[in-house]
Amino acid sequence: MTPKRKSAHLVMNRLAVVLKEERVSNKDLAEALGYEPATVSKWATNTIQPPLATFFRIALTINRDLKDFFISSKDIEGEEKKKLLKELAVIAEKGKRTGKKN
């Protein structure tokens with residue numbers, strides 16, 4: 001089973017789905033965690049990814065299992081897997097610390 005993906009964003013989390021299932025709004029979650037609603041919206045649309053510790057806080061806050069927030073990597077195979085690995089390599093490269101001084 002290949003996860004459904006938006007054309008513009010790599011879908012790495014299921015936050016929007018879980019929030020909908022729990023009937024929790026972005027605004028409510030933002031207030032509970034001390035974030036701006038716009039930030040939670042970016043997480044839910046996979047525009048940006050929160051740290052794993054934040055997902056854990058969300059899971060504890062809305063009483064869900066941490067694994068509910070992520071797509072299963074076991075379901076990704078073949079060409080889709082190769083494509084995702086390339087996309088993730090680009091993301092990882094952008095996030096590396098180079099140690100260079102400005």
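Student: In which loop does Phe-70 lie?

Tutor: A residue is first placed relative to the helices on either side of it. In this predicted model, Phe-70 lies in the loop between helix 4 and helix 5, the latter spanning residues 78–95.

Student: Does Phe-70 count as buried, partly exposed or exposed?

Tutor: Relative accessibility is compared with two cut-offs, under 20% for buried and over 50% for exposed, with partly exposed in between. Phe-70 has a relative accessibility of 27% and therefore counts as partly exposed.

Student: Which residues does Phe-70 touch, not counting residues up to four places away in sequence?

Tutor: Leaving out such neighbours directs attention to partners brought together by the fold, and here Phe-70 touches Met-12, Arg-14, Leu-52 and Phe-55. For Phe-55, which is 15 residues from Phe-70 along the chain, the separation of the two C-alpha atoms is 9.7 Å.

Student: Where is the place of Arg-64, and what does its relative accessibility make it?

Tutor: Arg-64 is also in the loop between helix 4 and helix 5, but the cut-off for buried is under 20%, and because its relative accessibility is 18%, Arg-64 counts as buried.

Student: Which side chain is joined to that of Arg-64 by a polar contact?

Tutor: The side chain of Arg-64 is joined to that of Asp-68 by a polar contact of 2.9 Å. Leaving aside neighbours within four places in sequence, Arg-64 is in contact with Val-18, Glu-21, Glu-22, Ala-59 and Phe-69.

Student: How should I read the packing of helix 2 and helix 4, and at what angle do they pack?

Tutor: A helix pair is described by an angle and an axis separation: helix 2 (residues 26–33) and helix 4 (residues 52–62) pack at about 105 degrees, with their axes 11 Å apart. Angles of 65 to 115 degrees count as roughly perpendicular, and helix 2 and helix 4 are therefore roughly perpendicular to each other. Helix 2 makes the contact through Leu-29, Ala-32 and Leu-33, and helix 4 through Arg-57, Ile-58, Thr-61 and Ile-62; these contact residues divide into 5 nonpolar, 1 polar and 1 charged.

Student: Which residues of the largest nonpolar core touch the most other members?

Tutor: Within a core, one can rank members by how many others they touch. Of the 15 residues in the largest nonpolar core, those touching the most other members are Leu-15, Leu-19, Leu-29, Ile-58, Ile-62 and Phe-69. Helix 1 (15–22), helix 2, helix 3 (37–44) and helix 4 each supply at least two residues of this core, and helix 4 gives the most, with 4 residues. Apart from its neighbours within four places in sequence, Leu-29 is in contact with Leu-15, Leu-19, Val-24, Val-40, Ile-58 and Ile-62.

Terms used: Residues numbered from 1 in each chain as written. Predicted model: local features only at pLDDT ≥ 70, side-chain atom pairs only at ≥ 80, totals over all residues. Heavy atoms only, no water. Axes fitted to C-alpha atoms, helices over the stretch in contact; angles between N-to-C directions. Parallel < 35°, antiparallel > 145°, perpendicular 65-115°, else oblique. Contact = heavy atoms within 4.5 Å. Nonpolar A, V, L, I, M, F, W, Y, C, P; charged D, E, K, R; others polar. Buried < 20%, exposed > 50% of the residue type's maximum accessible area, 1.4 Å probe, protein only. Core = buried A, V, L, I, M, F, W, Y, C linked by side-chain atoms within 4.5 Å. Polar contact = N/O pair within 3.5 Å; in protein donor to acceptor, adjacent residues only side chain to side chain.
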